[in-house]
Amino acid sequence: MADKILSGIPVSTGIAIGKAFFVNRNHKAHLPRHTVSAAMMDAEVARLHDAFAAVEAELTAIREQVPADLRDYGLLIDTHVLMLKDPKLSGVAEEYIRTLGLNCAWALEKAVADQEAAFGAVHDPYIRERMQDVRVVADKVQAKLIGRETDLTAIPGRVIIMAHDLTPADTVEIQVSRIMGFATVRGGKTSHTGIMARSMGIPALVGVDMLEDVVHDGDLVVIDGLTGKIVVNPTEAELEDYNERAAHFEDYTLKIKRGCQLPAETYDGSRVQVLANIELVEEIPAALDNGAEGVGLYRTEYAYLNRTDLPGEDELAEKYIDLAAILSPRKVVFRTLDLGADKFISAFGELNETNPAMGLRAIRFCLRNPELFKSQLRAILRASAYGNVSLMFPMISGVKEVRQAKAWLAQAKAELRREGVDFNPEMPVGIMIELPSAVMIADFLAREVDFFSIGTNDLIQYSIGVDRTNHHVSYLYQPLHPATLRTIKLVVDAAHQAGIEVSLCGEVASDPFCVPILLGMGIDSLSLTPQAIPGIKRIIRQTNMHDCRKLLRKVLECRTVSRINGLVMDNIFKSFPDEVTFFSSLLENDESPS
Ligand code: PEP
Ligand code: MG
């Protein structure tokens, strides 16, 4: 048996096998704690400020190397530099040196603890993120004070990086070619770390508890980005098994990548558009390289997070114009702000909602804050003059909301027209179908817009009543629930009866077990995470509509998820044995009684 097997959240697929190399350990455990005499206090204070200044200088130097197209990362480094310049943290630490006689690393730890205590009870994710930034900055200063810095530019050979956290500044500094994979204690699926790993195309896990206690520098580790496991010091047999799996996965990715630029067309000639879901402009090369025909969901929230102010219309327009122009003539669908629920911005403070997922989020939040909404609408319209731009509103619950949102859009158009600013007056406008109420009146809604995009991540959450982030009930989060399938079919049929197109942009679009059923329903396009595009295109190209419709008819008659799972497994097994090997973990959690 291996020394230990840890679990984390897989954020980038693949298998990496190599030596562990720690960077950015949590310094708390090694922090020297002693007092200094009154005579030494001035020197200790000077040491503290010197360390702050040195880290600031280092980050400023890294900032200068950030390529222009990684602007968001640059902005984050700016935030860290501002925190270092801000006398709040260093000032409180200095006070602890002078009043309690603490050594500087300890004094700084106490200053951070004060801030954590002051903000610890605040649930606002923005504040929590800012606290994480304070921690990151303090860690860097402490590492300098106690001489435990890792020189990220001097990573030896090809290694697997283990870290408490990896900041954007770190990822800029690390030479990507030296990393085979990484694992961190902090981070979630949509954290920077996850996004970076996916765009670098290396296996990665985040949220790995106990990583720093169990893994040591030089340990042989396996990072399994398919199942979310880290195997520490595997046995010969385990190593052989993982080597085989890694080789198999590499063959598989090469094989599917070869055909990824071909159109997603079934054997019998039905065409489906396959588009990418992205959060950052930097993800475009990976998306196109994986065969995306455009961007079906651009999550615009990202530009509003990780900062203390609101982005202005010009800043947004510049970013959006880049995106539209780079992708042109391919299409890009801008989703208007989906703030609220788990994504807050500081300018609006905490809303104090008991149930934020059902609270003032997405379109509700925008309609409550029309100035913010309008500046985004104007920026999207401005970008529409530079490419194939569409816009969609998230979390629509009824007809009135669509009309209100469109009224703001009309006003933005009128203003731009008056100002003589170019835009596409025919820019297609759609809505996301994410709520059961929208499903039930999909026929009415279809008459108000140019297209639908089904957001199954939320739609499943709201129709089955299962929090998409709560692992206690994750077994109930079922794309193949008979209700989910009926729900999706209702929307597709309503759209087609009204003569509009319908896309699906939730995670279901990258689920190989669901895609044949979606094809059978006649879905017009799928929008998914770039990494999954080659595999999904392969499935589409090797199937035919006749079989998909037959499969759909059969699954619609099934009353239980297990029965449907059985049918889709049979279907995939027959045609795609490789997919079963790599994706059967998707079905592993089926413990539901339904
Ligand atoms: C969805 O809900 O399916 C979706 C694509 O939106 P998000 O995951 O950003 O909520
Ligand atoms: Mg959603």
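**Entry 1: a pair within one helix**
I started with Asp-241 in this predicted model, and found that Asp-241 makes a salt bridge with Arg-245. Their closest N and O atoms sit 3.1 Å apart. Both residues belong to helix H9, which runs over residues 236-258. Four residues separate the two, about one turn of the helix. I then looked up accessibility: Asp-241 is partly exposed at 33%, and Arg-245 is partly exposed as well, at 36%.

**Entry 2: a shared network**
Next I followed salt bridges that share partners, and they led me to one network. Its members are Glu-313, Asp-314, Lys-374, Arg-378, Arg-382, Glu-415 and Glu-419.

**Entry 3: H1 to H3**
Which residue does Asp-42 pair with? I found Arg-98, with 2.9 Å between the closest N and O atoms of this salt bridge. Asp-42 is in helix H1 (residues 41-65) and Arg-98 is in helix H3 (residues 87-100), so the bridge ties together parts that are 56 residues apart in sequence. Is Asp-42 buried or exposed? Its relative accessibility is 53%, so I noted Asp-42 as exposed. Arg-98 comes out at 37%, which makes this residue partly exposed.

**Entry 4: H1 to H2**
I also checked Glu-56, which forms a salt bridge with Lys-85. Here the closest N and O atoms are 3.2 Å apart. This pair, too, links distant parts of the chain: Glu-56 lies in helix H1 and Lys-85 in helix H2 (residues 71-85), 29 residues apart.

**Entry 5: the full tally**
Last, I wanted to know how many salt bridges a search of the whole structure finds. The count I wrote down is 26.

Definitions and conventions
Residues are numbered from 1 along each chain as its sequence is written. Chains are lettered from A and ligands numbered from 1 in the order in which they are written. This is a predicted model: local features need pLDDT of at least 70, side-chain atom pairs count only at pLDDT 80 or more; totals for chains, interfaces and linings use all residues. Side-chain values use heavy atoms; hydrogens and water are left out. A salt bridge is a side-chain nitrogen of Lys or Arg within 4 Å of a carboxyl oxygen of Asp or Glu. Buried means under 20% relative accessible area, exposed over 50%, partly exposed in between (1.4 Å probe, protein chains only).
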